[in-house]
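Thank you all for coming. Please have the sequence and the structure open as I speak, since I will move between the domains and the cavities.

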Amino acid sequence: MKKAFLIPLLLLVSTSAFAYDINVPVTYDTLKNGMRIIVVPDTNVAIVSCRLYYFVGSMYEQFSRSGLSHMYEHMMFKGTHRLNTSDFAKESVWLAKIDSVDKIIFSLKSHGIFDTSAQTVKLRKEISGFMEKERAYIKKDEIWELYMGNGGTHLNAWTADDMTAYIVTLPKNKVELFYWIESDRMSNPVFREFYSEREVVLEERRMRYENQPANRFFEYLNSLFYLAHPYRLPTIGWKSDIENYTIQDLSSHVKQFYTPDNAVIILVGNIDPKKAVADIKHYFGAIPRAATPKQEVVTREPQPIGETRFTVRDDAAPQIDMMFHTPGYDNDDLYKLDVLESILSGRSGRLYDRLVNREDLCTGAEAENAVRLNNGYFEINASLKKDTDPAKVEKIIKEEIAALAKTPPSVREMERIKNTIRMSFVSNLRSLEGLSDRLAWFERLGSWKAMLQYPDRIAAIKPEDVPAIVKKYIDFDKATVGVLLQKQ
Amino acid sequence: MRKTTVTSALIVAMTALWFSATPQVPASPSKIAYPPLGWKVPLGESYRQVLDNGLVAYIAEDHALPYFQLSGIVRYGEICDPAGKEGISSLLTSIMRLGGTAAYHSDTLDAIIDLYAMHVSVSASDTRVTFSCACLSEYMDTCLYILSQVLFHPAFEEKKVKKETSLFLEAIAHRFDNPDPVLDAAYEKAMYRDGQNSLLPFPETIGRITRKDLVDLHKKIFRTENMIVAASGSFSKRNLAQKLAVLFPKASAGAESVYPEIAVKPIAKCIVVNKPITQSYIRMGLPLFKRPNDDFYAVQLLNTVLGGEGFTSRLGSKVRSNEGLAYVVYSSAGSNYVYPATFFIEFQTKNETASRAIALSLEEVKRIRESGITDEELSHAKKVLIDGFPSMFRSPADIVDNYADNEFLKRPANHYAVYPDKVNALTKADVLAAAKKYLDPANITYTIVGDTAAVFRADTIAGFSLRSQKPRVAVGVADSLFRAK
């Protein structure tokens with residue numbers, strides 16, 4: 001059962017793996033409606049990073065509706081009953097008309113009649129006519145204007161597979177504006193200018209994927225890597241899905257996921273935690289939970305039964321990318337895979353040293369351990385020189401992995417990794433916004449506290465742990481391999 | 001039963017009391033009563049030192065975290081590269097970091113930097129060369145020593161010169177894979193013709209660069225009197241100043257680097273570069289000025305209203321929000337102290353709507369030039385330019401970095417302190433005058449990267465026709481346009 005009252009919890013946590021103490025004074029709270037609050041005060045600055053994270057993203061989407069979380073990332077700026085409108089009562093008349101036509105389009109779509117059909121085109125024309133009438137009552141981009149006119153910086157929003165964030169950094173005396181706007185957006189969203197914004201998202205997709213060869217390659221590769229899990233859906237959505245979104249689709253998505261019990265507010269900067277918690281309760285406390293609790297994704301990737309290989313010729317720098325399945329969070333092996341990533345990466349890492357420095361075959365090479373909630377991946381990437389044979393690079397990568405499967409890394413390599421983790425930890429604390437995102441990410445995975453425990457968990461790994469982890473996860477017979485070659 | 005009733009009544013009474021004692025949420029954001037900020041722009045003077053060796057340094061102690069960072073600016077840039085050897089400053093800076101030093105072989109240097117998780121870098125842009133280092137504060141002495149080795153004692157190992165040159169050539173081969181860099185290059189060429197800022201490195205210009213050229217250039221520009229540094233972190237200010245005075249050579253009477261004269265000289269009214277993509281990348285450019293210039297702040301306000309401020313700007317409303325024609329649409333008023341900048345409008349839209357989006361943008365240019373801006377727009381634009389200052393000066397590192405940059409640009413020491421007054425003094429008439437002076441649609445140069453056939457097929461939109469601009473069509477990124485001098 002959820003706790004039904006406020007439980008203020010002040011935690012001054014210092015990391016123990018370091019030779020020095022770093023206090024991260026975190027205040028953590030949960031409102032009655034399930035909304036979580038994390039506050040980290042820093043009186044050295046005159047600003048506060050204000051971020052509202054919803055634990056929703058493309059992993060909660062389905063075929064035909066991929067990218068809806070991202071679409072809503074855009075639509076959240078279109079206002080509420082009180083924002084972006086000069087007279088909501090009058091505007092509602094036209095919104096209702098748009099809504100009724102949208103319902104017909106939604107119904108046609110469910111019968112396989114798409115947005116390009118003559119019938120739907122006619123209905124969309126009707127919507128455009130209503131839209132023109134509604135426009136008389138729209139106060140353009142008032143939310144953006146309010147934030148920017150009050151010293152807002154870093155104003156934006158972003159969507160990932162498991163999280164969507166609405167972000168702004170404000171002068172320390174203007175934080176109440178964030179509570180006002182975000183509580184209103186959570187309670188009373190209005191889907192204004194839906195159809196024109198759908199076009200904007202299509203332009204974004206063209207810009208980010210269709211016309212960026214390397215991004216297009218990775219989008220396809222990711223979808224080949226995940227066989228069953230919705231991680232295979234691109235966060236921005238497939239083009240045909242975007243083209244057929246309706247207001248009805250978005251509305252049901254929003255009702256399900258954009259509720260206080262699926263959100264965390266994180267404030268980092270010059271702010272009194274006690275007052276912040278009281279103010280957040282005041283603004284958000286009455287917003288109800290979702291009518292139906294969020295359904296978590298139960299699908300897990302099946303064990304691959306063989307190699308998947310994908311070769312593309314495009315106008316792009318040639319590269320080879322190898323992906324291996326890893327467990328979801330939390331699992332001790334993930335920390336060991338982070339160590340493996342560090343051994344292979346960096347200018348003095350094994351991949352760069354061999355492929356770039358010694359063999360002169362590549363322009364870069366690195367590894368990444370991508371930790372995800374349900375199923376992650378370990379990736380090895382090498383950028384090839386113009387005349388390099390990818391098979392030769394693949395062979396060398398296999399040799400380097402085989403060496404690590406046999407012999408533990410050196411003491412010096414382990415020392416390097418620990419220093420890298422320490423440096424990274426301290427660097428992350430230097431940015432209010434960066435710290436906020438790190439806390440959110442760990443909270444999403446389970447608990448923000450894991451962020452502080454991370455250096456100790458890495459420090460506990462011994463060189464002899466590495467060969468075992470390599471053997472367990474880096475199986476080339478079950479890898480997904482993408483090869484991007486220069487178009488002739 | 002009776003007890004329950006009493007309890008219920010009590011609860012009702014307490015709840016009523018709670019509601020009456022709890023302040024209501026303001027009816028609108030304008031009703032929120034904000035407390036005063038109580039913050040002023042910090043001044044840079046107390047951080048500035050001229051060290052015993054003549055080095056100008058802005059130094060701030062910051063013991064919040066066990067961290068150290070230093071950055072520096074050198075007066076030189078890619079526009080100073082000798083003719084026919086374009087790319088030399090980029091190559092030089094990468095080899096300084098990677099080609100070993102007097103004290104360390106290149107492999108050893110990489111190993112030490114990685115072992116202690118340091119960051120050490122040197123890089124070149126068009127009007128400045130920058131360097132930086134950062135580390136956990138316990139490794140500060142080692143990090144500073146390594147930086148001094150990289151900056152003043154690079155070894156230019158033959159093998160590494162060859163290696164980095166070959167990697168540079170690979171990068172050149174793929175620099176136009178994505179459309180954005182093509183637009184950048186084509187725009188510079190369109191606006192500056194043969195200005196040094198529009199010249200690109202090519203394999204033949206890289207091929208002419210010898211090791212001796214690199215050694216000579218390094219000697220010429222990496223001089224203490226030609227640079228400014230900013231440092232912050234957990235250290236003693238006095239101690240760091242002493243170290244920098246020893247590790248950086250003594251300043252000599254050598255002159256500052258001189259930048260070449262560059263002017264805006266459009267090459268054609270319209271340039272279209274063919275690239276088989278689904279969108280057109282478009283930039284509409286106009287000549288501006290070199291700073292300092294009295295019109296600068298009025299132009300900044302003008303730009304904020306027209307397209308400089310994301311969604312709320314006029315271009316954002318019209319092209320993106322109303323019509324859904326672009327994801328990115330904005331305008332930019334360049335700020336450049338070395339050569340005249342330009343004012344431009346940029347967006348990406350599907351090839352079929354290129355002319356339509358240009359026509360809409362032109363309408364907005366004409367409208368702001370004829371009618372100026374409203375009181376509300378002026379007030380909002382001023383807030384946008386001024387109220388973000390607390391975020392710009394958030395940490396001691398920000399303060400010293402901003403003031404080092406300020407001195408590099410030769411602006412007065414009180415630049416940031418007087419900035420709000422300068423902006424607040426401007427009127428709608430000033431902004432209108434700036435619009436009339438700088439935003440003449442007849443002077444616009446159009447640069448477009450996209451699928452030429454699709455763009456021209458749809459070039460029938462009322463209000464604008466690309467064909468009527470008599471475009472120079474470049475067949476692709478291999479076109480002589482990019483090589484022209």
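Let me begin with a term: when I speak of domains, the bounds come from an automatic or database domain assignment. I should also say at the outset that this is a predicted model. With that understood, chain A is divided into domain 1, which takes in 9-85 + 138-284, and domain 2, which takes in 308-409 + 463-486.

How far apart do the C-alpha centres of domain 1 of chain A and domain 2 of chain A lie? The computed figure is 32 Å. As for their contacts, 16 residues of domain 1 of chain A are in contact with 24 residues of domain 2 of chain A. Between them, the two domains of chain A bury about 1700 Å², and 67% of that area is on carbon and sulfur atoms. On the side of domain 1 of chain A, A:Phe217, A:Leu221 and A:Phe225 supply 40% of the area buried against domain 2 of chain A, which is more than any other three residues supply.

The interface of these two domains of chain A also has charged pairs, for the rule finds two salt bridges across it. Separately, I would point you to the salt bridge that A:Asp314 forms with A:Arg216, where the closest N and O atoms are 2.6 Å apart.

Let me now turn to the cavities. How many of 30 Å³ or more does a search of the whole structure find? The search finds two.

The largest cavity holds about 50 Å³ of space, and its lining consists of A:Ser424, A:Phe425, A:Asn428, A:Leu429, A:Leu435, A:Arg438 and A:Met451. In terms of secondary structure, helix H14 (411-429) and helix H15 (432-445) of chain A each supply at least two residues of this lining, and the largest share, four residues, comes from H14(A). By class, the lining of the largest cavity has four nonpolar residues, two polar residues and one charged residue.

The second largest cavity has a volume of about 30 Å³. Which residues line the second largest cavity? From chain A there are A:Phe77, A:Lys78, A:Asn84, A:Ile138, A:Lys140, A:Asp141, A:Arg192 and A:Glu193, and from chain B there is B:Ser321. Sorted by class, the lining of this second largest cavity divides into two nonpolar, two polar and five charged residues.

That is where I will stop, and I am glad to go back to any part of this.

Methods: Residues numbered from 1 in each chain as written. Chains lettered and ligands numbered in written order. Predicted model: local features only at pLDDT ≥ 70, side-chain atom pairs only at ≥ 80, totals over all residues. Heavy atoms only, no water. 1 Å grid on protein atoms, 1.4 Å probe; cavity = no way out; pocket = protein on both sides within 12 Å on 5 of 7 lines; lining within 4 Å. Points joined across faces, edges and corners; volume = space filled by probe spheres on them. Nonpolar A, V, L, I, M, F, W, Y, C, P; charged D, E, K, R; others polar. Contact = heavy atoms within 4.5 Å. Buried area = accessible area lost by both parts, 1.4 Å probe. Salt bridge = Lys/Arg side-chain N within 4 Å of Asp/Glu carboxyl O.
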